[in-house]
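Student: Could we go through this one together, starting with the fold and then moving on to a single residue?

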Amino acid sequence: MPARLARHLLRHHRTPAANLQLGGMLAWIAGAANASGFLVVHQYTSHMTGMVSSLADALALGQLSLASSTLISIACFVLGSACCALCVQWARRRVRHEYALALLIQAVLMLLFGLLAGRVAPGVSLTLHMTAWSLCLMMGWQNAMITKLSHAEIRTTHVTGLLTDIGIGLGRWLGPAQDRLTRRRARRKLAVQAAIVGLFFIGGLCGAWTFQWVGVVASVPLALLLIAMALAPLWDDWRAWHRWQRMHRVN
């Protein structure tokens with residue numbers, strides 16, 4: 001990815017276009033990771049509504065092992081969101097590109113998922129659970145990052161919410177009592193939300209096909225894309241910090 005584009009997408013001062021570009025890329029990655037993850041762990045790890053329902057069902061049926069694993073998955077999603085928020089808050093006070101470090105850590109989580117998925121074997125339930133937990137952690141991390149940088153306008157793993165917003169937007173756009181400005185805003189928002197859902201779907205197709213073709217190695221290009229995007233902004237921040245250190249040593 002060109003360094004200038006990476007700096008533009010990850011800088012502190014946000015624009016709607018930058019939010020859409022970064023959100024679209026992350027939605028594509030989330031779709032790919034979610035679809036390939038399903039082929040490994042046989043569940044969609046970004047679907048927390050289903051996770052909570054599964055927890056309730058498991059408890060009602062007395063399946064304590066499944067309930068405990070599902071509870072850990074939910075906790076990992078929440079932990080990923082919380083740690084991402086802390087990471088962004090820490091970076092916001094110290095560097096210009098506050099989301100670059102968060103993106104690099106997401107790449108590490110992607111590689112961790114690939115490493116664990118490569119070790120999954122029939123009958124090895126702990127490794128299977130750990131793979132699901134690592135993917136939940138990454139999904140929570142990514143969703144928190146894009147939610148924070150877009151001020152909750154974009155979510156890349158929560159398609160249910162996006163489809164609900166699309167339905168509401170259609171109602172506003174088609175409503176007979178709406179003025180022209182309201183219709184225009186609704187149409188613009190619908191375009192953004194439809195693009196995010198479409199990219200999530202395309203990412204899912206690409207992830208599933210690639211996983212069937214090459215296996216868990218499919219996670220490596222996704223991680224490398226995130227690393228390539230984060231490197232230039234991180235290098236800029238490191239040089240700025242180094243200059244600041246030298247100035248203070250001289251003074």
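Tutor: Before counting elements, note that helices (H or I, at least four residues) and strands (E, at least two) are DSSP runs, numbered from the N terminus. Bear in mind too that this is a predicted model.

Student: OK, so how many helices and strands does the protein have?

Tutor: The secondary structure comes to 9 helices and 0 strands, and read along the sequence the pattern is α-α-α-α-α-α-α-α-α.

Student: What is its radius of gyration, and what would a compact globule have?

Tutor: The protein has a radius of gyration of 20 Å, which agrees with the value near 18 Å that a compact globule of 251 residues would have. Along the principal axes, the C-alpha trace spans about 65 × 60 × 35 Å.

Student: And what share of the residues count as buried?

Tutor: Of the 251 residues, 43% count as buried, while the protein exposes about 13,600 Å², with carbon and sulfur atoms supplying 66% of that area.

Student: Switching to charges, how far apart are the mean positions of the positive and negative ones?

Tutor: They are 8 Å apart, taking the 23 positive and 7 negative charges of the protein.

Student: Now the single residue: where is Asn34?

Tutor: Asn34 lies in helix H2, which covers residues 16–41.

Student: Is Asn34 buried or exposed?

Tutor: Asn34 is buried, because its relative accessible area is 6% and buried means under 20%.

Student: Which residues does Asn34 touch?

Tutor: Leaving aside residues up to four places away in sequence, Asn34 touches Tyr44, Thr45, Ser46, Met139 and Phe200.

Note on methods
Residues numbered from 1 in each chain as written. Predicted model: local features only at pLDDT ≥ 70, side-chain atom pairs only at ≥ 80, totals over all residues. Heavy atoms only, no water. Rg over C-alpha atoms; globule rule 2.2 N^0.38 Å. Buried < 20%, exposed > 50% of the residue type's maximum accessible area, 1.4 Å probe, protein only. Areas by Shrake-Rupley, 256 points an atom, 1.4 Å probe, with all protein chains shown as cover. Lys, Arg positive; Asp, Glu negative; His and termini not counted. Charge placed at Lys NZ, Arg CZ, Asp CG, Glu CD. Contact = heavy atoms within 4.5 Å.
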